[in-house]
Amino acid sequence: PCRSWVGNTAPNGYGDTVASTAFALQVANNLSTTVGQDGTFASGDLLVTQLGVLDAYGQLVENSILDDRKVTVQADVSRSQGGVIGQKVVTSVRGIAAFEQLKLTGVPGNYSMVFSGAGAARQLHPAVIQVIQPSFP
């Protein structure tokens, strides 16, 4: 329906014809959504990750009046035996929420690190990273 519009482009971060406000979080393309499957993750290790704030069309929201600098993202863990310490909450900058001091603590096992957030218009669809903490003999 928008193909007939003329000059309907939003620079730096949106598609050619239409854009929306922040809609979902996604683990950055260069990072894995599973950590520790090689047996190297231990309780208290840093879980450095970046999440992209995407619009409803899957585009990075990096130049929006509403959402490019105002999306707050929170990290939490799915199991009661685990805990999140360090940097639990960040605010996105140009569509990227960067966790650089986040740590997961807990007994050996599998955890889901859930990242949730809210933009100006809505709660965002969350992103999940699976964390595997091996048991050491």
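This note goes through the strands, sheets and a few chosen residues of a predicted model.

1. **Overall make-up.** The protein has 10 strands and 0 helices. Along the sequence the pattern therefore reads β-β-β-β-β-β-β-β-β-β. Of its 137 residues, 36% are buried. The accessible surface is about 7,600 Å². Carbon and sulfur atoms hold 52% of that surface.

2. **Sequence range of the contacts.** Take the contacts with a separation of 6 or more. Residues 24 or more positions apart account for 65% of them.

3. **The five-stranded sheet.** This sheet is open and holds 5 strands. Their order is β2-β10-β9-β4-β6. The pairing is mixed. β2 (34-35) and β6 are the edge strands. Each has a single partner strand, so one side of each lacks a neighbour in the sheet.

4. **The β2 edge.** β2 runs parallel to strand β10, residues 127-133. The two are joined by 2 bridges. Here Val35 stands opposite Val131 of β10.

5. **β4 and its two partners.** Strand β4 covers residues 72-77. β4 is antiparallel to strand β9 (residues 109-118), with 6 bridges between them. Within that pairing, Asp76 has Val114 of β9 as its bridge partner. β4 also pairs in the antiparallel sense with strand β6 (residues 89-91), over 3 bridges. There, Thr72 has Thr91 as its bridge partner in β6.

6. **The two faces of β4.** Which residues of β4 make up the covered face, and which the uncovered one? Val73, Ala75 and Val77 are on the covered face. Thr72, Gln74 and Asp76 are on the uncovered face. Two residues of the uncovered face reappear in the bridges above: Thr72 is partnered with Thr91, and Asp76 with Val114.

7. **The three-stranded sheet.** A sheet of 3 strands is also open, in the order β1-β3-β7. Its pairing is antiparallel. β1 (22-27) and β7 stand at the edges with a single partner strand each, so one side of each has no neighbour in the sheet. On average, neighbouring strands here are turned by 25° against each other, direction ignored.

8. **β3 against β7.** Strand β3 spans residues 49-55 and runs antiparallel to β7. There are 4 bridges between them. One bridge partnership sets Thr49 opposite Phe99 of β7.

9. **Thr49.** Is Thr49 of β3 buried or exposed? Its relative accessibility is 3%, so Thr49 counts as buried. Beyond its neighbours within four places in sequence, Thr49 contacts Val27, Leu31, Ala97, Ala98, Phe99, Phe115 and Ile129. Both members of the aromatic pair described below are thus in contact with Thr49.

10. **The aromatic pair.** The count is 1 aromatic pair. Phe99 and Phe115 form it. Their centres are 5.2 Å apart, with 55° between the planes, and the pair is tilted. Phe99 belongs to strand β7 (residues 96-99) and Phe115 to strand β9, so the pair ties together parts 16 residues apart in sequence. Both Phe99 and Phe115 are buried.

11. **Surroundings of Phe99.** Phe99 has a relative accessible area of 0%. What does Phe99 touch, not counting residues up to four places away in sequence? From β4, its contacts include Val73, Gln74 and Ala75. Leu47, Val48, Thr49 and Leu51 are also among them. So are Gln87, Lys88, Val89, Val90 and Phe115. Gly86 is 13 residues from Phe99 in sequence, and their C-alpha atoms lie 9.5 Å apart.

12. **Gly82.** Gly82 sits in strand β5, residues 82-86. Why does Gly82 count as buried? Its relative accessible area is 18%, and the cut-off for buried is under 20%. Not counting residues up to four places away in sequence, Gly82 touches Val77, Thr105, Gly106 and Tyr111. One of these, Val77, is on the covered face of β4. Asn110 is 28 residues from Gly82 along the chain, with 9.7 Å between the C-alpha atoms.

Technical notes. Residues are numbered from 1 along each chain as its sequence is written. This is a predicted model: local features need pLDDT of at least 70, side-chain atom pairs count only at pLDDT 80 or more; totals for chains, interfaces and linings use all residues. Side-chain values use heavy atoms; hydrogens and water are left out. Buried means under 20% relative accessible area, exposed over 50%, partly exposed in between (1.4 Å probe, protein chains only). Two strands pair if DSSP finds at least two bridges between them. Contact means heavy atoms within 4.5 Å. Rings of Phe, Tyr and Trp (its six-membered ring) pair if their centres lie within 6.5 Å; planes under 30 degrees apart count as stacked, over 60 as edge-to-face and the rest as tilted. Axes are lines fitted to C-alpha atoms, for helices over the stretch in contact, and angles run from 0 to 180 degrees between N-to-C directions. Accessible areas come from the Shrake-Rupley method with a 1.4 Å probe; for residues, only the protein chains shown count as cover.
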